[in-house]
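Reader: I'm new to this structure and would like a close look at just one part of it. Could you pick a helix and walk me through it?

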Amino acid sequence: GGKVINYLDEEGAAVPSVACYEAGNVIIGREARRRVAGAGLGVSGNVVRSPKSLLGTDTVHIGGVSRNVVDVVADVLKEVKHVALSSPARRLDAVDLAVATIPVHFDGRKRAQLREAFAKAGIRVHQWIHEPFAALYSHFATQQDPSDALRRLNRSLVLVFDWGGGTLDLTLCSIRDGVIHQVRNDGTDQCGGDHFDYAILETVS
């Protein structure tokens with residue numbers, strides 16, 4: 001409809017990518033994260049953090065139960081969709097098409113699994129965009145005068161760090177005549193924010 005709609009939850013923050021499977025119930029987001037306070041990346045008991053970082057494998061054991069990783073990611077996506085549709089301020093009738101952001105190191109298999117997870121949530125992926133590039137685009141889009149912001153950085157190189165829960169992604173972009181070009185991408189799934197949380201916890205405990 002020509003406008004940007006955020007998917008923030010009732011606390012005004014992004015839905016945490018955490019899933020908890022408890023007594024036949026699926027708990028996603030903030031409440032699930034409260035139950036995993038202090039745990040590291042991946043699975044802890046019946047809770048899994050940053051399940052997207054587990055794509056590339058088929059199954060994961062959560063609370064002694066073998067679950068399809070795609071299904072876990074789909075559960076998170078369903079919650080994000082629910083948050084978007086249940087907000088009276090957004091006035092959305094449906095969310096069935098998405099431009100999806102991905103870490104720069106995602107290979108074909110991981111993309112296929114993520115596309116399947118979106119499909120299970122009732123959403124079709126229209127296009128993939130690397131996460132750092134999406135962050136830079138969002139930065140300019142939210143400026144009071146996006147065109148002026150781009151002009152001020154004309155013929156500049158911009159290095160974007162996207163530090164997520166499971167990955168660290170970097171994109172080097174060139175800005176020329178109002179157009180953002182990706183020059184080089186690199187990333188790692190060995191030093192995401194969750195890894196730092198866990199390292200700090202281990203140090204102080």
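Author: Here is a walk along helix α3, with a little about the whole chain before and after.

First, some ground rules. This is a predicted model, so local features need pLDDT of at least 70 and side-chain atom pairs count only at pLDDT 80 or more, while totals for chains, interfaces and linings use all residues. Residues are numbered from 1 along each chain as its sequence is written, and side-chain values use heavy atoms, with hydrogens and water left out.

The pLDDT is the predictor's confidence in each residue, from 0 to 100. For the protein chain the mean is 88, and 95% of the residues get to 70 or more. Helix α3 (residues 108–120) is where confidence is highest, at 97, whereas strand β3 (residues 42–44) has the lowest, at a mean of 70. Those labels come from DSSP runs, numbered from the N terminus: helices are H or I with at least four residues, and strands are E with at least two. In total the protein chain has 6 helices and 11 strands.

Now to α3 itself. Just at its start, a side-chain oxygen of Asp107 comes to within 3.2 Å of the backbone nitrogen of Arg109. From there the helix runs for 13 residues, and its first and last C-alpha atoms are 18 Å apart, close to the expected 18 Å at 1.5 Å a residue (that expectation is 1.5 Å times one less than the number of residues). After α3 comes Gly122, with a positive phi near 80°.

Which residues of α3 are buried? They are Lys110, Gln113, Leu114, Ala117 and Phe118, where buried means under 20% relative accessible area, exposed over 50% and partly exposed in between, using a 1.4 Å probe and protein chains only. These residues sit on the same side of α3, because they cover an arc of only 145° around the axis, judged by the directions from the helix axis to the C-beta atoms. What they pack against is α2 (69–86), β7 (97–102) and β8 (124–130), with contact meaning heavy atoms within 4.5 Å.

Stepping back to the whole chain, 37% of its 205 residues count as buried. Of the contacts with a separation of 6 or more, 53% are between residues 24 or more positions apart. The C-alpha trace spans about 55 × 45 × 35 Å along its principal axes.

How values were computed: Polar contact = N/O pair within 3.5 Å; in protein donor to acceptor, adjacent residues only side chain to side chain.
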